[in-house]
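Q: Hi! Could you walk me through the empty spaces in this one, and then a helix?

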Amino acid sequence: MSDLPTAVLGTDGPTVGIQGLGCMGMSEFYGPTDTDEALATLDFALEQGVTLFDTADIYGSGHNEELIGPFVRANRDRVVLATKFAIERRADDPTYRAVRNDPAYIRSAVDASLRRLGVDVIDLYYMHRRDPQVPLAESVGAMAELVAAGKVRHLGLSEVTGAELREAYAVHPIAALQSEWSIFSRDVERTAVPAAAELGVAFVPYSPLGRGFLTGAFSAAEQLSADDYRRYHPQFSGANAAGNAALVEPIQQIAAERGVTAAQVALAWVQQRAQVHGLTVVPIPGTRKRTRLAENVAAATLVLTPDELAALEPIAAKVEGNRYADMSSTSAGRE
């Protein structure tokens, strides 16, 4: 068992390891996967002190929840299970996406997730994306009903603005806000992070490694497999990719000087946002390999120096291209 530090999500949420595991790539989005190795990584993560496991109903159109379900059930007293609703897909149209926040959809979505996971209760249930056409009080009110019904223990939101977080919190306590946050992506610092700090909401950064770009795993979309969805991210394509790849050099330089990896530097930077902004930060880097998991966990206690942090500070402002081709469903797209 690892000595991974722990933190509490929200004011009365669950205690988790200070780093979680994003399970999305075990089902789709990042090219071919090895299911046996992915499942072994789940067990290994728990051994290392990782207790927050993050999935969503959209990942593999339910496959990811079904995949991790047996692991969750076998370790139910140790695992803090997080899943999400709001993004609707259709089997007959792989490209279809719609955001649903209406109460009827929320009630059906949670039952479907519970069924796929094979559990009686979800520890942390996120609204994956915000539909501005549905009053937030209605959506969070429906989520609060799930808590009262014993189907969900704690509530979370993803990609909401600071104002939206405050509005939601007035309806029901929010344990965690999950949004993209990394050396490359810092738009959440405008309003979402200050609001989370003010309310005592934990911040759960997804893609803290810039979807692998910050680690040097790839430097252009053309290097990825044809079914890898990162090919559609503006930051990784064409001239944007060339310019952004150069921005990774300070990360690599610090890693070389410290005898660590670029991934560890990137994760340490995210972890230290907790001290910078005065809130709990629990990143959820995604991986399908035990070797990467061990590397990531080792970064949880890596402390960057003031000079190193200063060298990384200007990077985000120089990044070319948005983090999504369509930013309308992100907090930045509504600010």
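A: Happy to; pockets and cavities come up here, then a helix. This is a predicted model, where local features need pLDDT of at least 70, side-chain atom pairs count only at pLDDT 80 or more, and totals for chains, interfaces and linings use all residues. Residues are numbered from 1 along each chain as its sequence is written, and side-chain values use heavy atoms, with hydrogens and water left out.

Q: What volume does the second largest pocket have?
A: About 220 Å³. A pocket is an open set of points on a 1 Å grid over the protein atoms alone, with protein on both sides within 12 Å along at least five of seven lines; lining residues have an atom within 4 Å of a point. The volume is the space filled by probe spheres set on the points, which are joined across faces, edges and corners.

Q: Which residues are closest to its centre?
A: Asp57, Ile87, Arg89, Tyr105 and Arg116, out of 14 lining residues.

Q: Which element gives the largest share of that lining?
A: That's α3, with five residues. Helices are DSSP runs of H or I, at least four residues, and strands are E runs of at least two, numbered from the N terminus.

Q: And how many cavities of 30 Å³ or more are there?
A: One. A cavity is where a 1.4 Å probe fits but cannot get out. The largest cavity holds about 40 Å³, and its lining includes Glu180, Arg211 and Phe236.

Q: Switching to α4, how many residues does it have?
A: Helix α4 has 13, residues 136-148. Just after α4, Gly150 has a positive phi of about 80°.

Definitions and conventions
Expected span 1.5 Å × (residues − 1).
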